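Okay, thanks everyone, let's get going. Could you bring the structure up on the big screen so we can walk through the charged pairs and a few backbone oddities?

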Amino acid sequence: MHLKINRDFVQNEISQKGYVVIEDVLNDQECEQLISNFDAAHLYRKTVDMERYRFGAGTYKYFKYPLPSIVQRLREKAYPELVPIANQWMAKLKLDLVYPKNLEKLRQRCADHGQHLATPLILKYGQGGYNTLHQDLYGEVYFPMQAVLFLNDYGADYSGGEFVLTQQVPRAQSKAMVLHPKKGAMLIFSTNFRPVQGKKGFYRVTMKHGVSEVHSGERYTLGIIFHDAVQ
């Protein structure tokens with residue numbers, strides 16, 4: 001794993017667009033190891049058949065604590081780099097909310113609100129698979145950014161299956177952004193909302209994300225969410 005975050009670059013990109021892509025975070029061996037462990041039941045606390053809950057078509061699995069070392073390291077390394085940006089967002093929107101610098105303190109805040117369950121997950125989509133637009137909130141406490149890492153190659157291992165972000169500006173139509181980062185890349189994006197500069201100051205823009213239909217092959221991704229879940 002090689003995760004080096006240029007905070008100024010990330011802040012500018014995610015503030016302007018709601019997302020940022022960091023290339024070459026995972027190497028081929030790490031991607032293949034995560035994929036090969038998809039069926040290792042002892043690593044997970046819950047498996048979700050997306051069709052059953054009308055979330056889309058595919059399967060995802062939530063890791064359980066203690067997390068696999070690579071998942072834990074990604075969480076621990078990314079979180080403190082994103083906290084200053086998250087706190088700037090809250091200040092711009094005049095929200096009385098400050099996120100702790102340390103991930104364990106965020107977890108303690110989650111626990112104080114009954115959120116104890118791990119939220120990092122691995123997702124698998126086959127042909128015809130997709131994920132409806134949604135937000136990964138899981139409880140009263142949530143961090144305003146999260147990440148997804150791409151474990152195989154768009155175009156070589158699967159077609160379709162683009163990552164989709166939507167942005168809803170108040171009193172306007174939604175904007176869609178369609179992305180297909182390379183294998184090993186990390187996409188950091190807004191979980192719920194982000195501030196946008198308007199004529200009268202900053203206002204809140206709602207963000208959702210999903211996955212378009214996979215046309216062929218199998219698509220694997222790793223989701224890194226920093227807050228814990230109630231259920």
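Right, let's start with D228, which makes a salt bridge with R107, with the closest N and O atoms 2.9 Å apart. Keep in mind as we go that this is a predicted model. Where do these two sit? D228 is in the segment after β15 (219-224) and R107 is in helix α4 (residues 103-112), so the pair ties together parts that are 121 residues apart in sequence. D228 is buried, at 1% relative accessible area, while R107 comes out as partly exposed at 22%.

So how many salt bridges does the structure hold? The count is nine. I'll show you two others. Take K183 and D28: their closest N and O atoms are 3.6 Å apart. That pair links distant parts of the chain, with K183 in the loop between β10 (174-179) and β11 (186-190), D28 in helix α2 (residues 28-36), and 155 residues separating them. K183 counts as buried because its relative accessibility is 19%, and the cut-off for buried is under 20%. D28, on the other hand, has a relative accessible area of 47%, which makes it partly exposed.

Then there's K124 with E218, whose side chains meet in a salt bridge at 3.7 Å, N to O. Here K124 lies in strand β5 (residues 121-125) and E218 in the loop between β14 (214-217) and β15, so this bridge ties together parts 94 residues apart in sequence. K124 is partly exposed at 25% relative accessibility, and E218 is partly exposed as well, at 37%. Back to our opening pair for a second: R75, E104, R107 and D228 are joined into one network by salt bridges that share partners.

That's a good way into the helices. The axes of α3 (residues 69-92) and α4 come within 9 Å and cross at roughly 95 degrees. That angle is why we call α3 roughly perpendicular to α4. If you zoom in on the contact, you'll see R75, E76 and Y79 from α3 meeting L103, L106 and R107 from α4. What's the mix of classes there? Three nonpolar residues, three charged, and no polar ones.

Now, cysteines. How many disulfides does the count come to? Zero. As a reminder, a disulfide is a covalent bond between the sulfur atoms of two cysteines. For the record, C31 is buried at 0% relative accessible area, and C110 counts as buried too, at 0%.

Last bit, the backbone. The peptide bond from Y65 to P66 is cis, with omega near -5 degrees. You'll find P66 in the loop between β4 (59-63) and α3.

And which non-glycine residues have a positive phi? I've got D24 and Y138 to show you. D24 has a phi of about 55 degrees; it lies in the loop between β1 (19-22) and α2, and at 56% relative accessibility D24 counts as exposed. For Y138, phi is about 70 degrees, and that residue is in the loop between β6 (130-134) and β7 (145-150).

That's my tour, thanks for listening.

Notes: Residues numbered from 1 in each chain as written. Predicted model: local features only at pLDDT ≥ 70, side-chain atom pairs only at ≥ 80, totals over all residues. Heavy atoms only, no water. Salt bridge = Lys/Arg side-chain N within 4 Å of Asp/Glu carboxyl O. Helix = DSSP H or I, 4+ residues; strand = E, 2+ residues; numbered from the N terminus. Buried < 20%, exposed > 50% of the residue type's maximum accessible area, 1.4 Å probe, protein only. Axes fitted to C-alpha atoms, helices over the stretch in contact; angles between N-to-C directions. Parallel < 35°, antiparallel > 145°, perpendicular 65-115°, else oblique. Contact = heavy atoms within 4.5 Å. Nonpolar A, V, L, I, M, F, W, Y, C, P; charged D, E, K, R; others polar. Disulfide = S-S within 2.5 Å.
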